[in-house]
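Reader: I am new to this structure, and I would like to understand the reasons behind the terms used for it. Could you take me through them step by step?

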Amino acid sequence: MKSKDKGRTSELAGTDTVDRGNSNKKIEQLERFREDATGQALTNDHGTRIADNQNSLRAGERGPSLLEDVFLREKLTHFDHERIPERVVHARGAAAHGYFQVYEDLSELTKADFLTDPSKKTPVFVRFSTVQGPRGSADTVRDVRGFATKFYTDEGNFDLIGNNMPVFFIQDAIKFPDFVHAVKPEPHNEIPTGASAHDTFWDFVSLTPESAHMVLWTMSDRAIPVGFRGMQGFGVHTYRLVNAEGRAHFVKFHWRPVAGVFSLVWDEAQKLAGKDPDFHRRTLWDDIENGDPLEWELGLQVIPEEDEHKFDFDLLDATKLVPEEQVPVRVVGKLVLDRNPDNFFAETEQVAFQMANIVPGIDFTNDPLLQGRLFSYTDTQLLRLGGPNFNEIPINRPVCPFHNNNRDSFHRQTINKGRASYEPNSIDGGWPKETPEAPKGGGYVSYPEEVSGPKIRKRAESFGDHFSQARLFFNSMSDAEKAHIVAAYSFELGKVERLYIRERQVHEILANIDLDLAKQVAANVGVDAPSGPTVQVPEISLKESPALSQMNLLPGNIKSRKVAILIGDGVKQADIDALTAELDKQGAQFKLLAPSAAPVKSDAGKQLVPNDSMQGLPSVAFDAVWVPGGTSFAKALEGDGVALHYLLEAYKHLKAIGLCGESADLLKLLRLREDEGLLTGKAGSGLVQPFTAAIAKHRVWAREPLTKAIPA
Ligand code: HDE
């Protein structure tokens with residue numbers, strides 16, 4: 001270290017303890033931006049109390065309004081300017097606050113303070129999103145989900161902006177606008193909203209073989225998650241972790257949901273898009289309000305620098321994943337989301353994630369997609385949030401102090417004291433000063449990776465294989481998952497008007513992934529069956545990766561799962577009580593649903609207030625349905641089309657259904673047969689255990705082929 005630097009370190013030491021204190025205190029400072037108007041007078045924006053908020057100022061009771069009405073004009077002006085541009089992608093989203101805590105000191109890998117101190121709870125704000133649709137689009141469309149986390153660390157904000165799939169559509173940032181233009185609604189009629197089932201998308205991806213792997217993921221069940229709680233998250237790119245000695249490891253970031261990984265079935269996803277377009281954001285909100293936080297574990301796949309070239313693919317290629325069978329995921333910490341935002345616009349809409357938000361101990365790689373993102377996120381906030389001071393908006397402010405010579409522009413909030421807004425300076429004592437690199441608390445220093453080479457526009461040959469990992473993914477699916485993929489390609493390509501695009505996708509993309517998949521889709525979309533692959537797909541060392549199948553990612557419990565309990569007059573109280581006691585014990589949730597929202601009386605004479613009507617909360621909003629017994633109740637169900645549809649639909653969607661006592665007679669009427677999830681029993685109490693065990697299995701996959709004849 002130069003002697004000049006040494007001097008600065010000791011000067012800074014004093015400020016360091018003042019500045020980088022306990023983050024809770026800093027959060028309190030941020031909280032002063034939260035406003036609670038309870039008990040407060042209504043004023044204009046400048047503090048003048050308003051006497052009449054009902055009538056504008058006019059010349060006489062029936063006369064014209066006066067330009068003088070500054071209160072009216074201020075109110076209308078503010079209203080007229082309420083909207084800001086929505087995000088160009090990921091416009092539809094919902095978010096929550098929480099914290100991250102590392103399980104053990106990871107100093108051997110990184111000097112990032114929030115990853116080395118297990119006693120520290122780092123505040124986070126996480127925003128989940130869909131990619132294609134606008135702000136008002138439905139939650140359950142077939143799409144990738146964004147999973148963006150802002151860690152407010154004591155060393156600055158770190159943003160991990162990931163997705164619920166581990167790979168991406170393109171390898172180079174220069175293709176991103178093309179890809180997004182292709183997937184967005186078509187330019188002439190702005191159709192379809194929130195869907196990739198249209199010509200421009202399939203035109204682009206069928207001409208872009210590097211998209212094959214990611215498109216396969218989006219045609220899989222991963223693209224229709226039940227909710228945010230059951231989604232995996234992935235940082236996608238390879239990053240670097242750098243420790244205090246300056247030693248680096250490559251790393252892939254993973255979020256593993258404690259609740260396991262779950263998806264909707266397609267029919268359910270489509271119905272929910274109409275019946276409750278807010279399904280995902282509502283569940284996130286309700287779960288947190290009900291004291292049932294969402295939890296993930298942070299996983300790291302750590303790869304020593306010397307192993308960079310040991311794989312069948314290039315670590316810098318974002319269309320590839322690192323199979324967990326080759327590099328296991330080390331679980332290192334926990335993310336808990338337990339607080340809803342107070343204001344959607346101020347927090348969820350104004351949060352500005354930036355790839356550029358990085359802290360000492362974490363570094364980038366040369367992934368050409370990542371490199372482009374480093375520019376794009378900061379750039380987009382300038383337009384969206386109206387200038388370069390978006391970092392001062394409360395949700396974006398770091399919890400540690402920030403001082404520099406950036407000045408002025410729109411919406412500046414900091415009132416900078418002093419005369420010198422440049423560095424070096426002597427007028428203000430030279431402050432604020434650089435912090436040299438140090439094992440702890442030092443300034444950010446980029447990892448000194450050696451680079452050299454000609455200035456060229458060229459994709460590395462190691463980025464050239466686009467199909468072997470898509471094949472790996474397909475081969476790792478269960479039969480049910482494979483069938484869903486065939487159905488998804490068939491549905492989407494079936495909506496493509498131009499036959500030559502359908503054909504190109506089947507012949508030049510799918511046939512290179514799996515010939516059988518290609519043939520089945522060909523038959524469903526009316527194009528000739530392909531006879532073989534069009535390229536030589538390299539053989540890779542791994543044939544299957546069980547970690548990729550959701551069927552292997554169930555948690556084995558029913559915590560936070562949601563059960564509909566149908567009720568009506570004469571419903572057997574004991575059957576309700578037996579189940580609800582067990583659901584409470586196992587941490588699952590339930591709702592009582594009656595023919596209408598009016599209270600009903602059970603056979604025990606107890607008044608039951610339903611949470612909603614069966615029409616108001618359809619079966620698609622639940623994981624399972626419980627129908628208690630009771631003679632008059634069961635009789636009434638037989639004549640209630642809404643209730644019968646409720647059960648048929650739950651059956652079609654492969655859910656666990658428990659029919660107690662007299663309600664078991666409904667089976668005959670519905671012409672359904674019992675199976676491992678459709679259970680009947682004399683007394684509800686005997687059914688409870690097998691019913692909850694069936695919920696834990698998520699769906700009755702064996703039932704799927706039998707449900708084809710049931711109308712959707
Ligand atoms: Fe994004 N992306 N992206 N993206 N992205 C945006 O930033 C972009 C990519 C992701 O909840 C935008 O603030 C480029 C990969 C999420 O606010 C924009 C490229 C991954 C979110 C942008 C990519 C993502 C965004 C739009 C290719 C997964 C929502 C608004 C080089 C690892 C964040 C905004 C939130 C948002 C650009 C590719 C995830 C335009 C240029 C790969 C989760 O800046």
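Author: Contact here means heavy atoms within 4.5 Å. With that in hand we can begin with the domains, keeping in mind that this is a predicted model.

Reader: Which domains does the protein have, and where do their bounds come from?

Author: The domain assignment gives domain 1 (93–396), domain 2 (464–552) and domain 3 (562–708), and such bounds come from an automatic or database assignment.

Reader: How do you know that domain 1 and domain 2 are in contact, and how many residues take part?

Author: By the 4.5 Å criterion, 36 residues of domain 1 are in contact with 35 residues of domain 2. The centres of these two domains, taken over C-alpha atoms, are separated by 25 Å.

Reader: What area is buried between domain 1 and domain 2, and which residues of domain 1 supply 21% of the area it buries?

Author: About 3200 Å² is buried between the two domains, with carbon and sulfur atoms giving 59% of that area. On the side of domain 1, Asp199, Trp202 and Leu216 supply 21% of the area that this domain buries against domain 2, which is more than any other three residues.

Reader: Why is the pair of Asp203 and Arg504 called a salt bridge?

Author: The term requires a side-chain nitrogen of Lys or Arg within 4 Å of a carboxyl oxygen of Asp or Glu. The closest N and O atoms of Asp203 and Arg504 are 2.6 Å apart, so the pair satisfies the 4 Å cut-off. Across the interface of domain 1 and domain 2 the rule finds two salt bridges, and there are also 17 residue pairs in polar contact between these domains. Helix H5 (199–206), helix H6 (212–218) and helix H7 (266–275) each supply at least two residues of the side of domain 1 that touches domain 2, and the residues of that side divide into 16 nonpolar, ten polar and ten charged.

Reader: What makes the salt bridge of Glu347 and Arg34 a tie between parts that are apart in sequence?

Author: It is one of the 39 salt bridges that the structure holds, and its closest N and O atoms are 3.1 Å apart. Glu347 lies in helix H9 (residues 344–349), whereas Arg34 lies in the loop between helix H2 (23–31) and helix H3 (70–80), so the pair ties together parts that are 313 residues apart in sequence.

Reader: How do you know that Tyr377 and Gln381 have polar atoms within 3.5 Å of the ligand?

Author: A polar side-chain atom of Tyr377 lies 2.6 Å from a nitrogen atom of the ligand, while one of Gln381 lies 2.8 Å from an oxygen atom of the ligand. For His90, the corresponding value to a ligand nitrogen atom is 3.4 Å. Each of these distances is therefore within the 3.5 Å cut-off.

Reader: Which element gives the largest share of the shell around the ligand, and how do the residues of that shell divide?

Author: The largest share, six residues, comes from H10, and the shell divides into eleven nonpolar, eight polar and three charged residues. Of the 22 residues around the ligand, Arg87, Arg127, Arg373, Tyr377 and Gln381 come nearest.

Methods. Residues are numbered from 1 along each chain as its sequence is written. This is a predicted model: local features need pLDDT of at least 70, side-chain atom pairs count only at pLDDT 80 or more; totals for chains, interfaces and linings use all residues. Side-chain values use heavy atoms; hydrogens and water are left out. A residue is near a molecule or strand if one of its heavy atoms lies within 4 Å of it. A polar contact is a pair of N or O atoms within 3.5 Å; within protein, one must be able to donate a hydrogen and the other to accept it, and residues adjacent in sequence count only if both atoms are side-chain atoms. Helices (H or I, at least four residues) and strands (E, at least two) are DSSP runs, numbered from the N terminus. Ala, Val, Leu, Ile, Met, Phe, Trp, Tyr, Cys and Pro count as nonpolar, Asp, Glu, Lys and Arg as charged, and the others, Gly among them, as polar. Buried area is the accessible area (1.4 Å probe) that two parts lose on being put together, summed over both.
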